[in-house]
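Here are a few exercises to work through with the structure open beside you. Try each task before you read its solution.

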Amino acid sequence: MNRRITFIQAVREAFQEEMRRDERVFVMGQDVQAGIFATTSKLVDEFGPARVINTPICESASVGAAVGAAMTGLRPVVQIMFGDFNYLAMEMTANQAGQWHYISDGALKVPMVIETPSGARGGAGYGHSQSLEAAFILPPGLKVAVPATPYDAKGLLKSAIRDDNPVLFFEHRRLLPQRGEVPEEEYLIPLGQADIKRVGSDVTLVAVSVTVHKALAAAEKLSQRGIEVEVIDPRTLVPLDKDTIFQSLQKTYHLVVVEEGRKRGGFGAELAAIAVEEWFDYLDAPVQRLGTISAALPYSPVLEAACIPSEEDIVQAVLRSLGQEE
Amino acid sequence: MQLEDDKRKELYRKMVTVRLLEKRVEQLVTAARIPCSGHFGLGQEAVGVGICGPLRYSDYIFGTHRGFAEYIGKGLTPREILSEYYGKATSLSRGRLGQHLLKPEIGIMPLPSSLGSEFGMAVGTALSTKLRGSDQVTVNLFGEGTAGQADFGPSLEMASLWQLPLVFVCNNNQYVELAHYRNVVATEDIAPRAGAYGIPYEIVDGNDIALVYGATAEAVSRARQGEGPMFLEFKTYRRCTHYTGDPGGYQPQEEIEIWVQKDPIDRCRATMMAEGMWTEADEQAMLASIADEIEAAVKFAEESPYPDPATIYEHIYA
């Protein structure tokens with residue numbers, strides 16, 4: 001039986017199911033008991049304050065505490081209220097959480113999740129709006145989940161909690177209230193499995209997080225002009241399901257990648273590099289990349305919108321890829 | 001808490017092992033047999049060894065990068081240390097850790113390269129034991145310079161807020177790298193900062209093994225009984241330079257001389273001899289035995305193979 005529930009409800013169900021299933025799972029972060037974006041609301045009623053812990057305002061010590069707890073037998077989920085604040089905890093995430101399993105030659109494991117609402121929602125300002133998921137491609141040992149639908153969010157979060165590695169789980173704030181079909185029965189989505197959100201034969205369009213929806217809207221417009229776009233949501237940036245993208249490229253010979261993270265040094269840069277390095281013979285045109293400009297995100301919603309890729313930008317990028325730019 | 005005779009002898013032997021091992025490793029670093037630089041703790045052996053005295057193997061300790069006192073104290077052997085320092089395949093990490101000594105099964109937890117990154121992790125292990133209903137205690141040892149790190153205050157706050165079984169130990173050796181600590185530390189004492197977070201604290205002579213042991217035993221006992229965190233500051237002195245290759249010269253000779261007179265190993269030996277529990281013959285036998293252990297460890301590390309480069313792809317993910 002499928003129901004339509006919000007992204008928030010899907011995430012909360014993942015928490016509830018995993019916390020019931022495994023008493024080692026607990027949640028910590030600023031205001032997780034009340035639930036600032038509601039994903040953790042009411043968990044404290046069922047699981048108590050020992051497993052739903054409000055932390056002082058210190059992202060680095062909170063992530064550090066999660067690392068220590070994870071190394072000694074628990075499975076913490078630490079919430080970082082805004083994606084931007086991950087930089088406050090970057091030392092603990094990049095230098096510690098991601099590296100001790102390897103450097104200890106497997107003696108330590110760090111099974112933890114950083115749940116982090118993020119992205120531009122129109123008027124939140126420079127430090128509450130960035131999509132920083134690509135910053136976690138570089139450090140070793142981390143996994144990065146970027147769900148775009150309630151269904152993907154629930155299935156990926158459950159897998160992330162069960163994973164024996166540190167996983168960053170980005171929730172775009174424009175997606176949080178959106179509804180989508182989610183089955184009643186339990187399911188998991190493996191980390192590292194892309195999803196083809198729309199089948200097409202002319203261009204492979206890889207879209208990350210909130211841009212999946214813009215990509216789908218752009219694809220509908222293009223379809224009216226006879227251009228069939230295949231929209232692929234990688235769902236996790238690390239590990240990256242290269243096979244699904246490559247299979248699509250073998251059909252379309254055209255690659256466009258869109259993200260709300262910054263274009264320079266972003267996920268698109270990585271994917272374009274993979275494409276020219278490994279799939280050169282399957283490229284009939286230069287790879288088109290779309291991302292946010294390398295500037296601080298301005299406050300005014302009009303300016304903010306001008307910095308990030310729009311549906312029309314995606315339409316134009318697909319046309320450029322096909323040599324049909326207007 | 002009283003330091004019993006047998007325990008005193010055990011801690012004495014460990015202190016001497018630390019001192020002789022550091023001297024030997026310094027030679028090996030200088031001779032380029034060991035690739036990393038060395039950071040030693042001449043004169044401050046009683047702190048690291050003493051705080052491990054009351055700990056069980058199952059208790060967690062986060063140690064420092066300076067010397068081997070807490071690692072030998074918690075049960076790591078010269079052979080394990082040297083094989084890591086040499087980067088050999090026979091080390092516990094098969095050549096990955098180097099100076100970042102680690103052995104979780106006896107409670108030796110990560111030594112991060114970035115000083116103070118253990119503050120949050122120590123909160124986490126203490127939170128973990130509390131949530132698991134275990135009576136394990138976590139000890140977080142750090143220097144007076146590291147107390148300047150960003151996570152110092154929040155870790156005190158969390159430990160106090162959640163009444164965690166966590167003992168903070170500041171090893172105040174009076175030098176932060178190449179400068180006297182008062183160049184970069186605003187206060188004479190670090191421990192009173194704990195009071196601001198509602199954590200009881202004590203300042204203790206760090207060159208008296210019995211006092212270090214006793215103060216730690218009480219703090220650990222409180223923590224084990226669920227009475228929350230405590231903060232100990234041990235006053236000691238680093239009689240060596242910051243690292244091998246540091247020419248030094250910034251520590252006044254008179255200052256060093258004062259602390260030579262307070263040497264923790266000499267003091268412990270004098271006490272044991274005055275109490276009739278240690279003789280010159282015991283001393284010579286012990287020195288010979290430690291020298292044998294260290295030389296056997298050097299030989300083992302020298303003769304061990306380097307790791308196979310093909311192993312670099314192992315354990316990237318769990």
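Before we start: two strands pair if DSSP finds at least two bridges between them. Keep in mind too that this is a predicted model.

**Exercise 1. Find the order of the strands in the five-stranded open sheet of chain B, and say how they pair.**

Step 1. Line the strands up by their pairing: you get β1-β2-β3-β7-β6 in chain B, an open sheet with parallel pairing.

Step 2. Look for strands that pair on one side only: these are the edges, β1 (60–62) and β6 (201–205) of chain B. From one strand to the next, the twist averages 20 degrees.

Step 3. Zoom in on one edge. β6(B) runs parallel to β7 (residues 230–235) of chain B, and five bridges join them. Asp205(B), for instance, has Lys235(B) in β7(B) as its bridge partner.

Step 4. Add the helices. Helix α2 (residues 45–52) of chain B lies across β1, β2 (138–143), β3 (166–172) and β7 of chain B, at about 175 degrees to β2(B). α5(B) packs on the sheet as well, touching β1, β2 and β3 of chain B, and its direction makes about 170 degrees with that of β2(B).

**Exercise 2. Work out the pairing of the five-stranded open sheet β9-β11-β10-β13-β14 in chain A.**

Step 1. Check the strand directions: the pairing in this chain A sheet is mixed. Its edge strands are β9 (195–198) and β14 (288–292) of chain A, and the twist averages 25 degrees from one strand to the next.

Step 2. Take one pair. β9(A) meets β11 (residues 229–233) of chain A in the antiparallel sense, over three bridges. Within that pair, Arg198(A) stands opposite Val231(A).

Step 3. Now for the helix: α8 (residues 242–252) of chain A packs on the sheet and touches β9, β10 (203–207), β11 and β13 (255–262) of chain A, with its direction at about 155 degrees to that of β10(A).

Step 4. Go back along the chain to the loop between β12 (236–238) and α8 of chain A, where Pro239(A) has its place. The peptide bond joining Val238(A) and Pro239(A) is cis, with omega about -5 degrees.

**Exercise 3. Describe the interface of chain A and chain B: how much area is buried, and which residues of chain A supply the most?**

Step 1. Start with the totals. The two chains bury about 2900 Å² between them, 69% of it on carbon and sulfur atoms. The contact takes 39 residues from chain A and 36 residues from chain B.

Step 2. Rank the contributors. Thr72(A), Tyr102(A) and Asp105(A) supply 23% of the area that chain A buries against chain B, more than any other three residues.

Step 3. Count the polar links. The rule finds two salt bridges across the interface, and 14 residue pairs in polar contact. Asp105(A) turns up again here: its salt bridge with Arg96(B) has the closest N and O atoms 3.6 Å apart, inside the 4 Å cut-off for a salt bridge.

Step 4. Assign the chain A side to its elements. β2 (25–29), β3 (52–54), α3 (59–71), α4 (90–97) and α5 (100–103) of chain A each supply at least two residues. The largest share, nine residues, comes from α3(A).

Step 5. Sort by type: the chain A side divides into 20 nonpolar, 14 polar and five charged residues.

How values were computed:
Residues are numbered from 1 along each chain as its sequence is written. Chains are lettered from A and ligands numbered from 1 in the order in which they are written. This is a predicted model: local features need pLDDT of at least 70, side-chain atom pairs count only at pLDDT 80 or more; totals for chains, interfaces and linings use all residues. Side-chain values use heavy atoms; hydrogens and water are left out. Helices (H or I, at least four residues) and strands (E, at least two) are DSSP runs, numbered from the N terminus. Axes are lines fitted to C-alpha atoms, for helices over the stretch in contact, and angles run from 0 to 180 degrees between N-to-C directions. Contact means heavy atoms within 4.5 Å. Buried area is the accessible area (1.4 Å probe) that two parts lose on being put together, summed over both. A salt bridge is a side-chain nitrogen of Lys or Arg within 4 Å of a carboxyl oxygen of Asp or Glu. A polar contact is a pair of N or O atoms within 3.5 Å; within protein, one must be able to donate a hydrogen and the other to accept it, and residues adjacent in sequence count only if both atoms are side-chain atoms. Ala, Val, Leu, Ile, Met, Phe, Trp, Tyr, Cys and Pro count as nonpolar, Asp, Glu, Lys and Arg as charged, and the others, Gly among them, as polar.
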